[in-house]
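Here is a short walk through one protein model. Keep the sequence and the 3D view open side by side as you read.

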Amino acid sequence: MTGINRRQAVRAMAATASALWAGRLTAFARDQADHAHMVAASEASAFVPKVLSAHQFETVGVLADLILPATETPGAKALQVDRYIDVVLRTAPDADRRRFISGLTWLDTRSRALFGRSFVASAPEQQTEFLTRLSDGRVSAPEAPAGIAFFEAIKGMTIAGYYTTEVGLRQELGDDGRMVLSRFEGCTHPEHQ
């Protein structure tokens, strides 16, 4: 006997299914990167989210900036990752889109239970505390696996959106844009010759 009961087994299966959903949506976002950035840029002057409500869009922007804040380079919101996410959600499978939006609703509901206000209306330190708890799985609410999976999905989408921009590629990752080396030099360390 392994000591696992039926309730624990169901929770573990739900957590696995949630993790698979987050990974699938992140992979979809990476696949859609060029298209999503192009659409977001073409609508830049008068961008209106087509999937997310104004409040949801604001929440995505706050989340993106908390995940990848400004440092020596712009943060995720400055690089319009919130717009990128809305554009990706336009073409995402319906079930994934609904689940993402449910995740935003869960985030606000849980934030109200913890802090008495929506996520974006909470103090920055409360937002950080909440996301830290989500990130390391210390959320004890019965619906926690869904919230944790949502946070994994938005983290993945934010990273995909950020690191497929020119700033993310060139300034953060140091990509020089060369796709092919004209000649492979090999290792130049004397100890490896």
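Thr109 sits in helix α5. Is Thr109 buried or exposed? Neither label fits, because its relative accessible area is 47%, and a residue counts as buried under 20% and as exposed over 50%. Thr109 is therefore partly exposed. Now look from Thr109 to Phe119. The two residues are 10 places apart in sequence. From C-alpha to C-alpha, 8.4 Å separates them.

A word on the model itself. This is a predicted model. Its mean pLDDT is 78. Of the residues, 63% reach 70 or more. Confidence varies along the chain. Among the elements, helix α1, residues 6-31, has the lowest mean pLDDT, 56. Helix α3 has the highest, 96.

Next, the overall plan. The protein has 8 helices and 0 strands. Read from the N terminus, the order of elements is α-α-α-α-α-α-α-α. The chain holds 193 residues, and 40% of them count as buried. About 11100 Å² of the protein is exposed. Carbon and sulfur atoms supply 56% of that area. How do the contacts spread along the sequence? Take those with a separation of 6 or more: 71% of them join residues 24 or more positions apart.

Turn to the interior. The largest nonpolar core has 31 residues. Which residues have the most contacts inside this core? They are Leu63, Ile85, Phe100, Leu107 and Ile154. Several helices give two or more residues to the core: α3 (54-67), α4 (81-91), α5 (94-115), α6 (124-135) and α7 (144-162).

Follow Leu107 from there. Setting aside residues up to four places away in sequence, Leu107 touches Thr59, Leu63, Phe119, Phe130, Leu134 and Phe150. Leu63 thus appears twice in this account: Leu63 is among the core residues with the most contacts, and Leu63 also touches Leu107.

Helix α4 deserves its own look. How many of its residues are buried? The count is 9 of 11, and the helix is mostly covered. The buried residues include Val81, Tyr84, Ile85, Val87, Val88 and Leu89. Asp82, Arg83 and Asp86 are buried as well.

Now the aromatic rings. A pair of aromatic rings is described by the distance of the centres and the angle of the planes. The model has 5 aromatic pairs. One of them joins Phe119 and Phe130, with 6.2 Å from centre to centre and 50° between the planes. That pair is tilted. Phe119 lies in the loop between α5 and α6, while Phe130 lies in helix α6. The pair links distant parts of the chain, with its members 11 residues apart. Why does Phe119 count as buried? Its relative accessible area is 0%. Phe130 also counts as buried, because its relative accessibility is 0%.

A second pair is formed by Tyr162 and Tyr163. Their centres lie 4.9 Å apart, and their planes make an angle of 75°. This pair is edge-to-face. Tyr162 counts as buried because its relative accessibility is 2%. Tyr163, at 22%, counts as partly exposed.

Return to Phe119 and Phe130 for the last step. Together with Trp106 and Phe115, they form one aromatic cluster. Both Phe119 and Phe130 also touch Leu107, one of the core residues with the most contacts.

Definitions and conventions: Residues numbered from 1 in each chain as written. Predicted model: local features only at pLDDT ≥ 70, side-chain atom pairs only at ≥ 80, totals over all residues. Heavy atoms only, no water. Core = buried A, V, L, I, M, F, W, Y, C linked by side-chain atoms within 4.5 Å. Buried < 20%, exposed > 50% of the residue type's maximum accessible area, 1.4 Å probe, protein only. Helix = DSSP H or I, 4+ residues; strand = E, 2+ residues; numbered from the N terminus. Contact = heavy atoms within 4.5 Å. Areas by Shrake-Rupley, 256 points an atom, 1.4 Å probe, with all protein chains shown as cover. pLDDT = per-residue confidence, 0-100. Phe/Tyr/Trp six-rings, centres within 6.5 Å; stacked < 30°, edge-to-face > 60°.
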